[in-house]
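Visitor: Could you take me through the aromatic pairs in this one? I'd like a close look at how the rings sit and what surrounds them.

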Amino acid sequence: MDAVIKNNNEQFAAKAFSAPSIVFDDLYTENTIIKYKRQRVRTHMEQYLKPGGTILELNSGTGEDAVYFAGKGHNVHATDISEGMQRRLKEKVKSSHLDKLVSTELCSFTHLAALENKGPYDHIFSNFAGLNCTGALDKVLLSFAPLLNKNGIVTLVILPKFCLWETMLLFRGKFKTAFRRWFSKNGRKAHLEGTYFTCWYYDPSYIVKTLKDSFDVLSVEGLCTIVPPSYMEDFSEKNPFLYRKLRDWENRFKSTRPWKCIGDYYIISLKKK
C-alpha cells in the first residue's frame, strides 16, 4: 500500500502544476534566480551533450528546456503526466517551429517501461526536482539503463535532505521551513495552487549507491547553495552587488565540499557503463 501511495503522489503533483500552466510561465520565467538556475543546469548539460543528440526529458513541464535544447539542434522527447503542461509545451514548440525536433508523450516517470518511444537515447534529463515527487526513486533510477545508448548520460536536478539557506530561516522564526527536510523519511507535504502532494528528499549518495552497478558518476554540483533559493523573492533586485558576489562564489565552489551537497538543489550527471 505504501508503494502505491508513493507512486500515485505524482498524480497529485501533476494536478498542482497542470491547471495553472500559463500562470506558471508568467510567475517564473522572469525570476532572476530561476534564470540563473536554468543557465547553470543548461551549462552543466551541454558539456555532455552530443551534437544532434537525442534527449529523453522527464517532467518536461511547459517546455522551457525542451525548446531550448531543440533550438540547439538536439532531438527531445518530452514526457510529463500533466495534460495542461503538455498543451503549453506543444504551443511553444509550434510557435518556435521546432516540430521536427520535439516529440511529446504523456507518461509517468514511474512507468517508463510503458513508454511508446523507448529510444534508445543519448541523454535522460529531469530538471528542478520533478523526481522528488516519488518515494520510490530507486525504481525510477533502475529503469534508466535500458533506455540509453552505450555511454549514455543521465542528468538530474534533485532536492537534497539538507539546505543551508532553509536551515538559516530558523533565525527568522520560520522553524517549520527550516527543519522540513530534516525529518522527511516519509516525505513532507508541499502545495501549489491549493493542491497538496508529498515531496521526498534524496542526497547524491542515494543516487550514486542505487546506480553504482550500471553507471559511473561524472560530476555533482550544488545549485543555490551560496546563491539564495528563488523563493526569496526580489533578493537579486534589492541586493544586486551582493547577489553578483554570491553568484560568483557559487560558480567557483559549486563542485567542492560541502557546497555541492547543501544547496536548495544539486545537479548530478552519471554515465552508463
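Guide: Sure. This is a predicted model, and it holds seven aromatic pairs. Let's start with Tyr68 and Phe69. Their ring centres are 5.2 Å apart and the planes meet at 80 degrees, so this pair is edge-to-face; the cut-off for that label is over 60 degrees. The two partners don't sit in the same kind of surroundings: Tyr68 is partly exposed, at 25% relative accessible area, whereas Phe69 comes out at 1% and counts as buried. Since buried means under 20%, Tyr68 with its 25% doesn't make that class.

Now for another pair, Phe128 with Tyr265. Here the centres lie 5.7 Å apart and the planes are at 45 degrees, so the pair is tilted. Phe128 belongs to the loop between strand 4 (121-126) and helix 6 (137-141), while Tyr265 is in strand 9 (residues 265-272), so this pair ties together parts 137 residues apart in sequence. Tyr265 counts as buried, with 10% relative accessibility.

Back to Tyr68 and Phe69: together with Phe125 they form one aromatic cluster. Charges join in as well. Arg42 has its charged end over the ring of Tyr68, 4.2 Å from the centre, and Lys37 places its charged end over the ring of Phe128, 4.8 Å from that centre.

What about the scaffold around these rings? Seven strands make an open sheet with mixed pairing, ordered 3-2-1-4-5-9-8. Its edges are strand 3 (102-106) and strand 8 (215-223), each of which pairs on one side only. On average, neighbouring strands are turned by 15 degrees against each other, ignoring direction. Strand 2 (residues 75-80) and strand 3 run parallel and are joined by five bridges; one bridge links His77 to Ser103 in strand 3.

Two helices are worth a look against that sheet. Helix 4 (residues 64-71) packs on it, touching strand 1, strand 2, strand 3 and strand 4, and its direction makes about 170 degrees with that of strand 2. Helix 3 (residues 32-46) lies across strand 1 (54-58), strand 4, strand 5 (148-158), strand 8 and strand 9, at about 155 degrees to strand 8.

Zooming out, the protein has eleven helices and nine strands, and 51% of its 273 residues count as buried. Of the contacts between residues at least 6 apart in sequence, 76% join residues at least 24 apart. The exposed area is about 13,600 Å², with carbon and sulfur atoms supplying 55% of it.

Terms used
Residues numbered from 1 in each chain as written. Predicted model: local features only at pLDDT ≥ 70, side-chain atom pairs only at ≥ 80, totals over all residues. Heavy atoms only, no water. Phe/Tyr/Trp six-rings, centres within 6.5 Å; stacked < 30°, edge-to-face > 60°. Buried < 20%, exposed > 50% of the residue type's maximum accessible area, 1.4 Å probe, protein only. Helix = DSSP H or I, 4+ residues; strand = E, 2+ residues; numbered from the N terminus. Lys NZ or Arg CZ within 6 Å of the ring centre and 35° of its normal. Contact = heavy atoms within 4.5 Å. Areas by Shrake-Rupley, 256 points an atom, 1.4 Å probe, with all protein chains shown as cover. Pairing = 2+ DSSP bridges. Axes fitted to C-alpha atoms, helices over the stretch in contact; angles between N-to-C directions.
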